[in-house]
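This briefing is intended for a reader who is meeting the structure for the first time. Please keep the sequence and the model in view while reading the points that follow.

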Amino acid sequence: MAVLQIATRPFADQRPGTSGLRKKVKVFQQPHYLENFVQSIFNAIPDRAGKTLVLGGDGRFYNREAIQVILRMAAGNGWGKVIVGRGGLFSTPAVSTVIRARGAHGGIILSASHNAGGPDQDFGIKYNTANGGPAPEKLTDAIWTASRSIQGYQILDGADVDIDHAATFWLGDMQIEVCDPVAEYAELMARIFDFDALKQLLQGPFRMRFDALHAITGPYAHEIFEKQLGAPTGTVINGTPLTDFGGGHPDPNLVYAKPLADELFAENAPDFGAASDGDGDRNMILGRHFFVTPSDSLAILAAHATAIPAYCQGLKGIARSMPTSQAADVVAEALGIAHYETPTGWKFFGNLLDAGKITFCGEESFGTGSDHIREKDGLWAVLAWLSVIAHTGQPVAEIVTRHWQRFGRHYYTRHDYENLPAEIGEQIMHSIAAQLPVLPGQTLAGREILIADDFAYADPIDGSVSAHQGLRLLFADGARLIFRLSGTGTEGATLRIYHEHLEKDPLRQHQDPQRTLRDLIQVGRNLSRIETLTGRKAPTVIT
Ligand code: VG1
Ligand code: CO
């Protein structure tokens with residue numbers, strides 16, 4: 001089979017964001033658009049010849065077409081082998097698992113994660129390296145650079161291959177292995193957790209509901225919860241991946257996973273509810289009539305880590321992204337282990353994990369994970385919560401309440417203003433940045449500001465510096481107010497405002513976060529001048 005050299009011209013907008021390149025499907029469907037970006041990835045990996053690549057996606061619209069193109073391009077670019085999930089499917093945590101288990105050189109994941117799917121919605125591509133983690137900034141910058149000077153791409157001339165049956169065959173000089181996307185991941189989970197203890201829990205009176213939101217975790221959840229752990233059929237709902245996720249946003253929060261939340265807050269609710277996102281790396285945890293904030297979830301799992309066999313020796317350290325609440329820091333200090341604060345995005349945890357500095361890490365955006373792979377992992381978090389429940393014998397609400405009594409409650413809320421005109425988003429950030437120098441020493445909402453800065457991170461392992469990672473106001477009483485623009489959206493700008501304050505008095509730990517944080521929320525609205533500039537009286541999404 002011949003390798004075709006196709007001439008092309010650069011697209012100006014192929015800069016990867018927080019997690020890969022995300023665009024509308026229609027953008028990806030333009031002639032050469034997908035090919036240009038894939039070739040730019042390959043060009044940024046000059047030592048790829050003969051190596052193994054893992055490939056799969058979350059099953060959204062355009063997944064299957066893209067898989068066929070990428071297989072032919074991999075063959076045209078000298079890769080030795082591609083391991084592709086059957087049906088072109090793989091969750092993000094499963095790709096990370098398979099890269100590590102097979103010693104692959106890297107992996108391509110087709111997903112726009114929690115963004116909606118379908119012909120008029122979003123598609124995305126991200127590249128993971130040999131450690132199983134998202135490409136670090138150095139590599140995403142190299143990909144972006146390559147995309148701006150690309151003149152052509154190489155693709156094998158040939159027809160579509162069968163990706164729907166597990167088999168191994170050749171495409172030109174490259175081997176293709178179509179494998180079960182679930183098996184290796186499920187085996188890893190069985191090595192980390194005490195499946196016998198979880199079987200006892202799930203086969204008893206305990207009732208659980210897992211909502212896969214018609215996204216990739218359905219097949220994984222059916223296999224693990226229902227088949228291997230024996231939870232009743234029907235425990236997993238919306239478990240068949242659909243190309244448009246049934247028309248919803250596969251984003252596990254109280255807004256987009258509302259039917260699940262309604263069920264958990266109804267009379268006669270199950271004991272436990274959970275959901276994951278489009279590509280399976282996020283998690284939302286609910287108890288009966290109880291919502292666990294992701295920041296608390298990280299802290300609570302860390303406090304109970306030794307209940308899980310893989311972590312029975314304790315944790316080496318904990319990392320959280322900067323906007324994530326400081327709840328995990330308090331636990332790390334109590335455990336006498338190190339804690340780290342990184343910019344938003346899982347790629348920043350990679351070096352700390354590889355260097356053995358941390359065991360657990362997490363983000364406020366419903367992401368939790370450990371050193372078992374190099375991605376956040378939705379089902380891992382659910383299994384971790386089930387383990388803590390099995391170990392303590394306590395319901396979710398009691399586990400969380402006791403945690404607050406011991407460590408204090410970090411009241412937390414994030415307000416998102418989605419789809420603002422891009423220039424307004426920039427203007428808001430610039431004008432807050434301009435005020436930073438005069439803020440320290442001022443008192444706002446009855447709180448003195450200690451530090452006001454533009455967060456920059458120096459990686460403690462390789463020394464690389466990432467600047468402009470969010471504007472922070474740190475108050476004398478430990479409260480924080482943070483402003484960032486999203487790096488995953490595909491339309492306009494999304495302003496995220498994060499609010500947090502610590503309440504140590506157990507008698508005051510059961511208030512509505514929107515109420516107890518209302519002064520900080522007002523400061524955020526005033527500083528950003530959001531209403532004056534956009535007319536928006538309220539955020540689009542509150543988490
Ligand atoms: C968001 C979250 C961030 C997360 C990223 C990818 O990024 O805030 O914490 O790492 O999504 O998650 P941003 O730049 O929009 O705030 V996923 O599950 O969408 O890959
Ligand atoms: Co995701």
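In this predicted model, an oxygen atom of ligand 1 lies 2.6 Å from an N or O atom in the side chain of S365. The space that ligand 1 takes up is the largest cavity. A cobalt ion, ligand 2, is coordinated by one serine and three aspartates: S113, D277, D279 and D281.

**Surroundings of ligand 1**

- The shell around ligand 1 holds 20 residues, and the closest of them are T18, H114, S365, T488 and R496.
- By character, the residues of this shell divide into 10 polar and 10 charged, with no nonpolar residue.
- S365 is thus listed among the closest residues, and its side chain offers an N or O atom at 2.6 Å from an oxygen atom of ligand 1.
- The side chain of E363 also has an N or O atom close to the ligand, at 2.7 Å from an oxygen atom of ligand 1.
- For K376, the corresponding distance from a side-chain N or O atom to an oxygen atom of ligand 1 is 2.9 Å.

**The cobalt site**

- The cobalt ion (ligand 2) is held at 2.0 to 2.1 Å by the OG atom of S113 and by OD atoms of D277, D279 and D281.
- Along the sequence, the donor residues follow the spacing S-x163-D-x1-D-x1-D.
- The pair S113 and D279 links distant parts of the chain, the two residues being 166 residues apart.
- S113 belongs to the loop between β5 (106-110) and β6 (122-128), whereas D279 belongs to the loop between β12 (272-276) and β13 (283-287).
- Are these two donors buried or exposed? S113 has a relative accessible area of 3% and is therefore buried, and D279 is likewise buried, with a value of 0%.

**Residues with a positive phi**

- Most residues other than glycine have a negative phi.
- S113, in the loop between β5 and β6, has a positive phi near 55°.
- Y62 has a positive phi near 90° and is found in the loop between β3 (52-57) and α3 (63-76).
- Y62 counts as buried because its relative accessibility is 13%, under the limit of 20%.
- R529 takes a positive phi of about 50° just after helix α17.

**The loop between β5 and β6**

- N115 lies in the loop between β5 and β6, where S113 is also placed.
- At 8% relative accessibility, N115 counts as buried.
- The side chains of N115 and D122 are joined by a polar contact of 3.0 Å.

**Buried residues and partners distant in sequence**

- S91 is placed in the loop between β4 (81-89) and α4 (92-102), and its relative accessible area of 3% makes it buried.
- The C-alpha atoms of S91 and I216 are 5.9 Å apart in space, although the two residues are 125 residues apart in sequence.
- I308 occupies the loop between α10 (294-303) and β15 (317-321) and is buried, with a relative accessible area of 1%.
- Between I308 and W385 there are 9.8 Å from C-alpha to C-alpha, for a separation of 77 residues in sequence.
- I399 is part of helix α14 (residues 396-407) and counts as buried at 2% relative accessibility.
- I399 and I300 are 99 residues apart in sequence and 8.1 Å apart in space, C-alpha to C-alpha.

**Helix α17**

- Which residues of helix α17 (residues 518-528) are buried? They are L520, I521, V523, G524, R525, L527 and S528.
- In an α-helix, residues three or four places apart point the same way, because there are 3.6 residues a turn.
- The buried set includes L520, V523 and L527.

Key. Residues are numbered from 1 along each chain as its sequence is written. Chains are lettered from A and ligands numbered from 1 in the order in which they are written. This is a predicted model: local features need pLDDT of at least 70, side-chain atom pairs count only at pLDDT 80 or more; totals for chains, interfaces and linings use all residues. Side-chain values use heavy atoms; hydrogens and water are left out. Donors are N, O and S atoms within 2.8 Å of the metal (3.2 Å for Na, K and Ca); water is not among the atoms, so sites may look incomplete. Helices (H or I, at least four residues) and strands (E, at least two) are DSSP runs, numbered from the N terminus. Buried means under 20% relative accessible area, exposed over 50%, partly exposed in between (1.4 Å probe, protein chains only). A residue is near a molecule or strand if one of its heavy atoms lies within 4 Å of it. A polar contact is a pair of N or O atoms within 3.5 Å; within protein, one must be able to donate a hydrogen and the other to accept it, and residues adjacent in sequence count only if both atoms are side-chain atoms. On a 1 Å grid over the protein atoms alone, a cavity is a set of points where a 1.4 Å probe fits but cannot get out, and a pocket is an open set with protein on both sides within 12 Å along at least five of seven lines; lining residues have an atom within 4 Å of a point. A molecule sits in a cavity or pocket if more than half of its atoms lie within 2 Å of its grid points. Ala, Val, Leu, Ile, Met, Phe, Trp, Tyr, Cys and Pro count as nonpolar, Asp, Glu, Lys and Arg as charged, and the others, Gly among them, as polar.
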